[in-house]
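Thanks for coming, everyone; I would like to walk you through one chain of the model on the screen, going from its overall form down to a few individual residues. Please keep the structure in view while I talk.

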Amino acid sequence: MIMKKIQSLIFALIIALVLPTQAVNAQGTRDARHRTTATIIADGLAQLPAKDVTVFNTVMNEIASTGAAGVQSLADMLVPATEGKNATVEYALAGLAAYVTDKGNAALRKNVREGVKASLAKCTDKPNKAYLISLLQQCGTAEDAPVLVSCLKDDYLKDFAMRALIGIPGTEDVLLGLVSEGADKTALAYAVEKKQLAAAEPFLLLWKNGADETQQAAINSALAAVGTKASLPVLAKAAKAVGYAGEATNSYESYMNLVKRLAADPATSKLAVKEAKSLWKNKNLAANVHGAAFEVLVKALGKDALPYLYKDLKNPDIEVRNAALLNISPLADDAVCAEIAKQAEKAGPYAVTDVLGWFGARKQTSEASWVASHVTGEQTDVVRQAAMHAAGIIGGEEALNSLVSMLGSRFSDDAVAALTRFNGKADDALVAALGKDADVQAAALPLIGTRRIAAAKGKVFELLSSSNDVVSNAAYAALSGVVRPDDFTLLADLAEKASGDKRMVLQNAMKSALASLPAAEQYKGVSERLSKATDKALYYPLLAQVGNADAINALMDSYKSTGTDAAFDALLKVNNSSVIDRLFELAAERVRTDAALNRALPLINAANFTSIRKFRYFSDAIDLNPSASIRNRYIEALGNVPMPSSLDLAVKYLDNPDSKEAAATAVKTIVAKSAEPMGGDAVKAALVKAQDIFRSKMASDPDAGYAVDEIKGMIEKLPAEGASLISELTPEEKKEGFVMLFDGTNMDNWQGNLDNYTLIDGAIYVDAAYGNGGNLYTKKKYSDFIYRFEFQFMVLGVNNGVGIRTPMDVDAAYEGMEIQILDHDAPYYRDLREYQQHGSVYGIIPAKRVKFPELGTWNTEEIRAIGDHITVTVNGEVILDGNIREACKGHNVSPDGGANEYTVDHQNHPGLFNKDGYISFCGHGTGIKFRNIRIKDLSKSKGKRK
Amino acid sequence: MKRREFLKTMGAASLFTIVPSRVLGGPKHVAPSDQLTKGIIGVGGIGRSSYHFTSDERCRLVAVCDVDKKHLEQAVNMAKERFHDTPVSYHDFRDLIHDPNVDVVHIATPPHWHALMSVEAAKAGKDIWCEKPMTRTIGEGKRVMEAVKQNNRIFRLNTWFRFTDTFYGLGTTVEPLKKLVDSGMLGWPLKVTVSGATGFTWKFFWVGKENLQPEPVPAELDYDMWLGPAPFKPYNVHRTHQTFRGYWDYDGGGLGDMGQHYLDPVQYILGKDNTSPIKVEVDAPQQHPDAIGIWRKITYTYEDGCQIILEGEGFESGSNVPYIEGPKGKVFKGFQCTIPDVMNKLAELPDPAPQNTDFINCIKTRQKFALNEVNGFRSATIVNMAVCALRLNRTLRFDPEKLQFIGDDAANALIDQPMRSPWRL
């Protein structure tokens, strides 16, 4: 749809272009391809918006190269915005303006500037004129200033023109000229500020008399930016008049900025510092003004400004104190910090609190001991807390010891908070704390646990039997953090005797002890204990942590034999995709369907499965009829596997009152994300329905409004038809006598393992596990034929094969012939033999190695089997063309029936010379799709061909 | 003594109210002088949402401001209903800022106003809560930084994932990631992928419309004041409320909307709060000069080789792409990590340094908020760099000290855009 719209627009543009560009054509401007300017521009416009940088650069270069006249003809195409069709021209013009500002394209800049200016002169529509001016702002030069100056007279355009004059480099003189005329004072003062036009100062000072508030603000700001000391008394007076407050004339800020600027210039520094000092001394000023004055003093005086800081520390206003500290920060070396600490002590606890906070924020290690000294001893609570916070951030031995000394005190919680994030190792001090009294032990143990201080292990085990319950419980809780694999046996001994909370705590400790071991070793340790234990459930959570196949089996067996929640719950904790099938088994038993499916969903989403496999889990889960909330989660998950089947399933729930919102979300996501574009009436209808659902939610959920807009955009862009899932013979194939074996709609021509070879979204999807479930066979037998199909690898290293002339339910590679299908690029096939490569007659004739495109791409293949002559063509390239009888010198089986020296795999292939048989797919695993399978049966015409 | 001065002078004493009541031993009581006041500018979408439209004992809502009469009326009614309180209503944000009863100015307007209002508030000695994105250009951000410093204000840039909440679809908070990166276990330099595949959607429905046709301005809206410093363009409803994000003059599309949410934590994790990337590369279809479109991929590179990759429309990696990848390890969505037993290894290390995340407390103690005008400026700059590269459709190099692009005048012109008269920064 969109494409069509653009095409018709382009067509209209070409028509419009022919007349004004005849002059250009007459001059004979043609490019290397003999295109006229009109054609070049039309070709360019047809490619806009450029899909990528390469197209962008090519198109812009071509259009800019048509010269000023070409650019003008393009700009002349702008029509009034009410017609709503400027977009493509705007893409072109904006693209040109950007393109020629790139250094490498400077040579073309003049063409664009001149073309835009010429069009500007002709254009009568104000918004379009404004747009052309904005292009000059981007790519113009000082040469364009006169045109812009002429636009200043127009009320609509003047703002655009002034901004362009400001934006373009080198317009200073022109702007000064305008200042001397003094037409639009507000705008010109702004230009003076932005362009730093120092020569304008006398005019600005003059303008101040009689200026309104808006003009004052602009003038004051400009004076702050360019003024000399001549402006200082003027702004000082104005600032004083408004009480140094922020207000409409911007007097205070301008004054402060001027002082700041003059202070930075050695010639005027003294004067400015005097102003700043008097401001600083003025007790009636707001804290932000006082602070700004101090900032000037610090910049101008450096460390000589320190006495002002010391005074500020005594100020009762917290804002003043902290502003002073922040301003001094760049100068605060260790010596300065030491002095500040001293001065803060003199000033009192409020200043000390602020300085502690300031030291913390800057991690002032040189003051660690001063900070630590405020953690302990006689302090106000506020000071102590600030000191503890700072001590944690700064770190160091003294800070650590001071914090540890507060464990168990009234400030224990603050100490624990600071120690949890303590900057550095805290192990020794915390271990030592375990030797103190009970209150300290109880506070230190959680830290030992969370920071996993293994050195405390002995002491923690010892404290398990503390007579103080609080300590003993804390020691149990800390076990998890300190134990290691060799503690497992001891923990298990304890756990088997424990009950209640202690049993659970010890269970966790056992998990933690084993956690660093590989799963198999963990399993070994756990299963040894489990086999002897009477309380087997004690070990279920450990099996869940192990999570390998053995552990899952053990849990499943336990659940089947005991039926306990404990085993079930443990299965829910396993974090391994191999438990998914077990969870579905459990869900099907309908004991705790919701719980099992709820757990399975995140595992499926995270697993490295093909989208089809995931879809099947989602679909199976919904079939298991869980509660609406679980069902809805699965419906929404369909959005993660955006394909036609997912859409079909989601659509079914659009009318379900409990699930329609989930279904609407899924529909929106599936259509938006589908790799092959979806389209057509059914998809549109689904989107419209989904949109209605979101619309009805808008009142209560603001995000629903976004979804409505998003779907609106999707519907506008939706193709009339989506990618077709049905394959058809080409006219040539029809003529030649091919027939369809699989067209994407049914499995009628196939037999065998229809469970693992299933029709999904127009393809046969294979999820046969190796050696399981058997192969898929044609219903008919064939001898000579041309067999064509498409295949797609979905996961790395997929292995399958086309069996030909094979009986059913045998190994086609030996009892018939197998044309190998293998994603041989997978790294683990490094040592693959040539005769195992894709396309080989397995074990008989090696094929040339194919380089496959990315996973998820369709490949085409043709297998031609005529008598002993086999030809295999993949993606248009013949990779095998040979004679099976010649390849093994007639010895498909060795003369003595032992190892066969005549075949490349040294195996016997008794079925190699079968006259006929089925054609099969021989699955070795999941993750491959086939589609568009057709055959030309040559059996009957065989005689003729020879 | 005026209420506000009283509060400030007693600032130090008010510290006592932040210590737990067990320390004071008294009943929980807040004296009127301890209660701050705030005014919200922009009460359309965000300004009226539940997290922002608050009034409580720590900070009372006393004023609201909007250039849309309907929004203003709705906000006042909402305050009456919820807080049994009637805030003063203003049309001009300067009146709210200069209202002596307002301590904190909360800016919830579209981004093209953020810098002007922040600077105005700073000059007036007010503390500031500004919604993300901090500013819509790098130059405006720099100006906010200067004004906040000069006037010693407390500034909160509002996105919060660097200190709280599960980080969108990543399935973890940021703190363990910070800890993991700081531990050095992943090695250095790192590559961070912010993508649908790692849990972040770029909201491409925030695109603008080309070919907007002029429409009459609704009676309730002061369109001139809505535009403010932005270039004049004829009114169309799609430019304003709810959908303004799709236009370069006011914001930066889905990138502008979500960018600072997604990238500020990345900047924190990588320890880049005081610097910026030196290069930004974009892969995108050409952008319209007015209406923002989609993009496929944006790549940032820091001087030390760290990279941030943004994956956009049609360019998402598979679900197996790591969120952070280093030479020694990777971490995926849900904190799945290639380093064995990582959680236990991390537990042995101290948690990252504490962050000041209580805004009211920061105001009272004059400590910088965790996400402030300095690091907030840096994360806004990550977003705004890409905006410039997208608009010019080319790779840009950046000087993180001078805060300018290198060798590209047109890109630098986008850093510092002149404002519509009489607005000025």
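Let me begin with burial in chain B, where 53% of the 425 residues count as buried. I should say at once that this is a predicted model, and everything that follows should be heard with that in mind. Chain B has 14 helices and 15 strands, and its radius of gyration is 22 Å, close to the 22 Å that the globule rule gives for 425 residues, so the chain is as compact as a globular protein of that length. Taken along the principal axes, the C-alpha atoms of chain B fill a box of roughly 65 × 60 × 40 Å. If we look at contacts in chain B between residues at least 6 apart in sequence, 70% of them join residues at least 24 apart.

Chain B also touches chain A, and that contact takes 77 residues from chain A and 59 residues from chain B. On the side of chain A that touches chain B, the classes come out as 33 nonpolar, 24 polar and 20 charged residues.

Now to the division of the chain. Chain B is split into domain 1, which covers 3-158, and domain 2, which is assembled from 168-207, 248-357 and 373-415. Over C-alpha atoms, the centres of domain 1 and domain 2 of chain B are separated by 29 Å, and the contact between these domains takes 18 residues from domain 1 and 19 residues from domain 2. On the domain 1 side of that contact in chain B, the elements giving two or more residues are α7 (138-150) and β6 (155-158), and it is α7(B) that supplies the largest share, with 7 residues. By class, this side of domain 1 of chain B has 10 nonpolar, 5 polar and 3 charged residues.

In which order do the 9 strands of the open sheet in chain B run? The order is β13-β12-β11-β7-β10-β9-β8-β14-β15, with mixed pairing. At the edges stand β13 (336-337) and β15 (404-405) of chain B, each with a single partner strand, so one side of each is left without a neighbour in the sheet. At the β13(B) end, strand β12 (residues 329-332) of chain B pairs with β13(B) in the antiparallel sense over 2 bridges, and B:F332 stands opposite B:Q336 there.

Two helices lie across strands of this chain. Helix α10 (residues 253-270) of chain B crosses β7 (191-194) and β10 (307-311), running at about 165° to β7(B), while helix α13 (residues 373-392) of chain B lies across β8 (279-283), β9 (297-301) and β14 (396-399), at about 50° to β8(B).

I will finish with some backbone details, and the background is that most residues other than glycine have a negative phi, and most peptide bonds are trans. The peptide bond from B:W188 to B:P189 is cis, with omega near 0°, and B:P189 sits in the loop between α8 (175-183) and β7 of chain B. A cis bond also runs from B:S421 to B:P422, with omega near 5°, and B:P422 is found in the segment after α14 (409-415) of chain B.

As for phi, B:Y168, in the loop between β6 and α8 of chain B, has a positive value near 45°, and with 16 C-beta neighbours inside 10 Å this residue counts as partly exposed. B:N211, in the loop between β7 and α9 (223-227) of chain B, has a positive phi near 55°, and B:N211 is partly exposed, with 17 other C-beta atoms within 10 Å.

Notes: Residues are numbered from 1 along each chain as its sequence is written. Chains are lettered from A and ligands numbered from 1 in the order in which they are written. This is a predicted model: local features need pLDDT of at least 70, side-chain atom pairs count only at pLDDT 80 or more; totals for chains, interfaces and linings use all residues. Two residues are in contact if their C-beta atoms, placed from the backbone, lie within 7 Å. Ala, Val, Leu, Ile, Met, Phe, Trp, Tyr, Cys and Pro count as nonpolar, Asp, Glu, Lys and Arg as charged, and the others, Gly among them, as polar. Helices (H or I, at least four residues) and strands (E, at least two) are DSSP runs, numbered from the N terminus. The radius of gyration is taken over C-alpha atoms; the globule rule is 2.2 Å times the number of residues to the power 0.38. A residue is buried if 20 or more other C-beta atoms lie within 10 Å of its own, exposed if 12 or fewer, and partly exposed in between; C-beta atoms are placed from the backbone. Domain bounds come from an automatic or database domain assignment. Two strands pair if DSSP finds at least two bridges between them. Axes are lines fitted to C-alpha atoms, for helices over the stretch in contact, and angles run from 0 to 180 degrees between N-to-C directions.
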